[in-house]
Amino acid sequence: MKHIVFLTGTGISAESGLSTFRGKDGLWTKDEFQYFASLRCLEYEPKRSLDFYNMRRKQLASTEPNRAHQLIAELERHYKVSIITQNVDNLHEKAGSTNILHLHGELCKVCASGDRYNEAYVEEYPLTTPIKVGDRAGDGSQLRPYIVMFGEDVTNITKAMELVRSADLFAVVGTSLMVYPAATLLDYVPRRAAKFVIDPADMPSCDELGYSHIRATATEGVETLCDFIDEWDCLTSLDEDFYSATSPVSGPITNSTDTWHMKDAIMTIVEANGYSVWDIRQTTSGFRVELNNTLDDDAACMLCGQFPLSADYEGAGNHGSLFSLYS
Ligand code: OAD
């Protein structure tokens, strides 16, 4: 079963009514909020810190997942789906996703101030019940939200790397990738994986790495991605041998995939048959390949038969025989 891995950020929850952090009106545009979200504030002014999180917990209690969360949850019917989220909300869970790794904690849980990393003291806590100064955790220390505050280490990053390493398709949804170590997860995506970013804003760090950018809000963008996934699954299932035999290849022939890897695969097959390529161009339906110094109908027809994709011999080009490959 193919493994689809999502890395999500607050942008995916924006259409449910939750604020992002860095956008216009984002939470971090208010200086005092960054202080309230720090370990220092919890230690020196716990009421202000707890009030800040109680406000966010209460807001979350009446927030519902949106279509993007739901579509991701539905993908579990056909694929292994892993979600790595920087979000502290529970909207992926509410939508029905089952394999969610939180990097920055969860608003619906509490833990012990005295021993934040001790799972024995982590428990679900009603979102509408405020956490008050003097409330005690299992070890007798102040109860606190199970959140990674400024000044604390991110948990689960090693597990997240392992998930990313096994992705067949990796999609980044609604995160500015400004925060480390979450942003470093992009370094662990296998070359063969199809890679997408869904965000209405420019995403230069993804564009440089050859991600297909679906420039849309999460609800629209995840819908587009799901249409693509159906097509990708059909093609990659059909061509499993092709993909493994001609590594590196990252996905089907469409404008939205990493075409460099597909070109590599085509060249590998052509060269394995003793010919060389003059030019490979992407077309709306696939690729047009021109051989180098080979005006030979039989050779071109034989090569067409070597691809697990549909292939048409088109005759002589300026440099050699031409054929088209399409899915
Ligand atoms: P940011 O506010 O940094 O980025 C939100 C991203 O969502 C931006 O790239 C927006 O363009 C995009 N966005 C906005 N509206 C969207 C929509 N409707 N659909 C899709 N995308 C949309 O938030 P994060 O990247 O999530 O950490 O922030 C990462 C971490 O920084 C947070 O987990 C938090 C913060 O400090 C901690 O609190 C530890």
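Is F21 buried or exposed? F21 is buried, with a relative accessible area of 17%. The legends below walk through close-up views of this predicted model.

**View 1. F21 meets W28 in a tilted ring pair.** Nine aromatic pairs are counted in the model. In the one shown here, the ring centres of F21 and W28 lie 4.8 Å apart, and their planes are at 40 degrees, so the pair is tilted. W28 is buried like its partner: its relative accessible area is 14%, beside the 17% of F21.

**View 2. F52 and Y53 pair edge-to-face.** Here the two rings sit 5.0 Å apart, centre to centre, with 70 degrees between the planes. F52 is buried at 2% relative accessibility, and Y53 is buried at 2% as well. Widen the view a little and you will find F52 and Y53 in a cluster with F33, Y35 and F36, linked by ring pairs.

**View 3. R48 and E45 form a salt bridge.** The model holds 11 salt bridges, and this is one of them, with 3.4 Å between the closest N and O atoms. Both residues are in the partly exposed class: R48 has a relative accessible area of 38%, and E45 has 29%.

**View 4. A salt bridge between K94 and E64 links distant parts of the chain.** The closest N and O atoms of K94 and E64 are 3.4 Å apart. K94 belongs to helix α6 (residues 91–95), while E64 lies in the loop between α4 (46–61) and α5 (67–74), and the two are 30 residues apart. K94 is partly exposed at 39%; E64 is also partly exposed, at 49%.

**View 5. E74 and R67 join through their side chains.** Their salt bridge has an N to O distance of 4.0 Å. E74 is partly exposed, with a relative accessible area of 32%, and R67 is partly exposed at 35%. For another arrangement, look to R116, R144 and E152, which salt bridges with shared partners join into one network.

**View 6. C304 and C301 stay unbonded.** The cysteine sulfur closest to that of C304 is in C301, 5.9 Å away. A disulfide needs sulfur atoms within 2.5 Å, so this gap is too far for a bond. The model as a whole has zero disulfides. C304 is buried at 10% relative accessibility. Another cysteine to visit is C41, which is buried with a relative accessible area of 0%.

Conventions:
Residues are numbered from 1 along each chain as its sequence is written. This is a predicted model: local features need pLDDT of at least 70, side-chain atom pairs count only at pLDDT 80 or more; totals for chains, interfaces and linings use all residues. Side-chain values use heavy atoms; hydrogens and water are left out. Buried means under 20% relative accessible area, exposed over 50%, partly exposed in between (1.4 Å probe, protein chains only). Rings of Phe, Tyr and Trp (its six-membered ring) pair if their centres lie within 6.5 Å; planes under 30 degrees apart count as stacked, over 60 as edge-to-face and the rest as tilted. Helices (H or I, at least four residues) and strands (E, at least two) are DSSP runs, numbered from the N terminus.
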